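Work through the following exercises with the sequence and the model side by side, and try each task before you read its solution.

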Amino acid sequence: GGVPPAARALVRGLLCAREARLGRGGARDFRGLRFFAGLRWERLRQTPPPFGPATTPATATDPATDPDPADTSNFDLLDD
């Protein structure tokens with residue numbers, strides 16, 4: 001039981017000192033992890049997610065009080 005070793009390695013790589021944290025070298029830090037074995041990285045952006053959040057259309061016109069749930073403009077674009 002418990003958390004599989006591949007998942008444990010991913011979590012440990014994220015919850016550590018900034019200098020050693022996964023992601024400091026970009027997406028390539030994740031590509032070699034067993035947790036992501038079998039993932040087709042070159043098709044990642046074209047692959048539909050296995051599930052999505054339940055959303056309802058935004059009815060308010062003020063994005064500060066009722067933001068559009070599909071808006072991802074607060075996320076930084078990262079180079080692969």
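**Exercise 1.** Does Leu15 count as buried or exposed, and at what relative accessibility?

*Solution.* Begin with how the values arise: this is a predicted model, in which local features need pLDDT of at least 70 and side-chain atom pairs count only at pLDDT 80 or more, whereas totals for chains, interfaces and linings use all residues. Residues are numbered from 1 along each chain as its sequence is written, and side-chain values use heavy atoms, with hydrogens and water left out. Next, recall the cut-offs: buried means under 20% relative accessible area, exposed over 50%, and partly exposed in between, with a 1.4 Å probe and protein chains only. Leu15 has a relative accessibility of 67%, and therefore counts as exposed. Finally, locate Leu15 in the loop between H1 and helix H2 (28-31), where helices are DSSP runs of H or I with at least four residues, numbered from the N terminus.

**Exercise 2.** Find which residues make a nonpolar surface patch together with Leu15.

*Solution.* A patch takes residues with over 30% relative accessible area and no salt bridge, and joins nonpolar side chains (Val, Leu, Ile, Met, Phe, Trp, Tyr) within 5 Å and like charges within 9 Å. Val11 and Leu14 join Leu15 in such a patch, which covers about 290 Å², an area that comes from the Shrake-Rupley method with a 1.4 Å probe, only the protein chains shown counting as cover for residues.

**Exercise 3.** Identify the buried residues of H1 and explain why they lie on the same side of H1.

*Solution.* First, list the buried residues of H1, which are Ala6, Ala7, Leu10 and Gly13. They cover an arc of only 125 degrees around the axis, and so they lie on the same side of H1; the arc is that of the directions from the helix axis to the C-beta atoms. As background, an α-helix has 3.6 residues a turn, so residues three or four places apart point the same way. The buried residues of H1 pack against H2, with contact meaning heavy atoms within 4.5 Å, while Pro5 and Arg12 are exposed on the other side of H1.

**Exercise 4.** Which side chains meet in a salt bridge, and how many salt bridges does the structure hold?

*Solution.* A salt bridge requires a side-chain nitrogen of Lys or Arg within 4 Å of a carboxyl oxygen of Asp or Glu. Arg40 and Glu42 fulfil this at 3.9 Å, N to O, and the structure holds one salt bridge. Both Arg40 and Glu42 are exposed.

Key: Helix = DSSP H or I, 4+ residues; strand = E, 2+ residues; numbered from the N terminus.
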